[in-house]
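Please look over the model shown here with attention to how helices pack and how aromatic rings are arranged.

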Amino acid sequence: MNITIVGTGYVGLVTGTTLAELGNNVYCVDIDAKKVEAMKNGIVPIYEPGLEEMFLRNIQAQRLFFTTDLKEALDKSEVIYLALPTPPGEDGSADLSYVLKVANDIGEMMTDYKVVVNKSTVPVGTADKVRETISSKTQIPFDVVSNPEFLREGFAVEDSMNPARVVVGTESEKAREIMSQIYQPFTNTGVPIIFMDEKSSELTKYAANSFLAVKITFMNEIANYCEKVGADVDKVRLGMGSDDRIGHRFLFPGIGYGGSCFPKDVKALIKSGKQSGFDFQILEATENVNQNQKVILVSEIEKYFGGNLQGKKIALWGLAFKANTDDIREASSLDNIKILLEKGAEITAYDSIAEENVRRILGDKISYAKDMYSALENADCLLIATEWSEFKNPNFKIMAAKMNNKAIFDGRNMFALEQVENSGFYYKSIGRKTVK
């Protein structure tokens with residue numbers, strides 16, 4: 001099948017590459033001519049494990065194409081996926097201007113029947129708005145489908161090729177048949193395709209992400225309480241996760257959630273609720289708790305240094321919002337950097353994958369190290385903000401030799417307490433006893 005993907009961000013590029021891998025001819029459209037030219041030359045604009053290999057393979061097989069010309073791609077395809085940004089506005093609501101602009105263009109350009117698939121995360125009722133926008137420009141028949149993505153950054157290729165389920169919102173029998181054909185390679189292997197109406201499909205994505213955000217935040221609250229009463233959150237987590245009604249995933253405490261999905265989707269669902277006269281009280285609490293959790297270690301660092309961080313040299317391991325991605329959107333590292341700089345600290349950070357993205361925002365406000373140990377030179381303490389695998393088993397002797405002061409503030413619980421206990425380090429993590 002010939003398919004067009006409009007938007008080559010994280011979702012669009014992974015979706016387009018996956019659909020090409022499944023044997024379709026995929027035309028990826030983006031307004032950024034420089035980016036399109038780079039992709040034509042085999043350059044992947046995002047970091048995602050396993051993506052580059054699949055990307056290059058499908059370009060070589062002439063199933064994956066890139067263009068700035070929407071009309072050209074539209075004329076070649078029966079199915080058009082919208083994978084456009086829906087950033088939060090100042091009030092937290094999702095900005096649909098990109099989606100509706102392309103919908104307007106499709107209405108003006110289409111010459112035959114199309115299935116327009118909303119892949120972007122959008123509020124309930126967006127399919128109706130897209131349908132109205134296209135209808136205002138054409139009399140040609142078309143269908144609008146909601147087909148939310150459930151990709152985890154860092155595991156997107158794995159998730160796209162082995163989905164737990166495929167959710168499709170449509171009340172059109174013709175669109176249903178076409179979507180079934182696209183996803184037949186998955187259903188043939190037992191992956192369920194769940195059909196529903198468009199509004200239910202749109203809400204499914206928001207509800208799923210918001211629930212996971214609540215689960216993470218609840219566990220962080222439990223971790224903070226563990227510290228108050230002397231319990232160990234690792235043991236509590238194992239005990240809870242062994243209940244199959246709860247499960248082990250998303251129970252790891254830390255310095256809050258970030259990224260492109262959870263913060264945006266929680267805000268958008270809160271705002272959508274208010275527009276309908278409904279208050280998502282649990283989500284409002286989740287958002288507030290998470291914001292405080294992201295910088296919870298700053299007060300611990302300040303307390304350790306007697307309330308004065310002026311001139312203190314802080315090493316920072318990790319800049320991405322999570323491991324295996326270069327995404328720094330809503331990253332806890334940035335919140336910590338902002339406050340620490342305001343308090344007069346000097347920061348040297350290391351993150352080989354996300355560094356360039358941070359440089360574009362912060363420039364030389366902080367220093368950047370070539371490796372994890374170089375970041376520790378003359379440091380007064382270490383703050384860990386991202387759970388990169390290379391941080392899991394460091395050489396504490398090398399660390400001690402490089403640092404002015406042996407203190408670690410671990411926002412991701414990277415080390416077992418036994419790893420640190422005989423190292424001579426002060427070690428503060430989340431929800432566990434402090435090693436002194």
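The report below takes up a helix contact, then aromatic pairs, and then charges over rings.

The model is predicted. In it, helix H6, residues 126-135, and helix H10, residues 198-229, have axes that come within 8 Å and cross at roughly 125 degrees, which makes H6 oblique to H10. On the H6 side the contact is formed by Thr126, Ala127, Asp128 and Arg131, which meet Glu198, Lys199 and Glu202 of H10. Sorted by class, this contact of H6 with H10 has five charged residues, one polar residue and one nonpolar residue.

Turning to the aromatic residues, the structure holds 15 aromatic pairs, and two of them, each edge-to-face, are set out in the table.

| Pair | Centre to centre | Angle between planes |
|---|---|---|
| Tyrosine 257 and phenylalanine 262 | 6.0 Å | 80 degrees |
| Tyrosine 304 and phenylalanine 305 | 4.9 Å | 90 degrees |

Both tyrosine 257 and phenylalanine 262 are buried. In the other pair of the table, tyrosine 304 has a relative accessible area of 27% and is therefore partly exposed, whereas phenylalanine 305, with a relative accessible area of 15%, is buried. Tyr304 and Phe305 also belong to a cluster, linked by ring pairs, that includes Phe409 and Tyr426.

Charged side chains also meet aromatic rings in this model, as two cases show. The charged end of arginine 165 sits over the ring of phenylalanine 150, 3.7 Å from the centre of that ring, and the charged end of lysine 174 sits over the ring of tyrosine 113, 3.7 Å from its centre.

Definitions and conventions
Residues are numbered from 1 along each chain as its sequence is written. This is a predicted model: local features need pLDDT of at least 70, side-chain atom pairs count only at pLDDT 80 or more; totals for chains, interfaces and linings use all residues. Side-chain values use heavy atoms; hydrogens and water are left out. Axes are lines fitted to C-alpha atoms, for helices over the stretch in contact, and angles run from 0 to 180 degrees between N-to-C directions. Helices (H or I, at least four residues) and strands (E, at least two) are DSSP runs, numbered from the N terminus. Angles under 35 degrees count as roughly parallel, over 145 as roughly antiparallel, 65 to 115 as roughly perpendicular and the rest as oblique. Contact means heavy atoms within 4.5 Å. Ala, Val, Leu, Ile, Met, Phe, Trp, Tyr, Cys and Pro count as nonpolar, Asp, Glu, Lys and Arg as charged, and the others, Gly among them, as polar. Rings of Phe, Tyr and Trp (its six-membered ring) pair if their centres lie within 6.5 Å; planes under 30 degrees apart count as stacked, over 60 as edge-to-face and the rest as tilted. Buried means under 20% relative accessible area, exposed over 50%, partly exposed in between (1.4 Å probe, protein chains only). A charge sits over a ring if NZ of Lys or CZ of Arg is within 6 Å of the ring centre and within 35 degrees of the ring normal.
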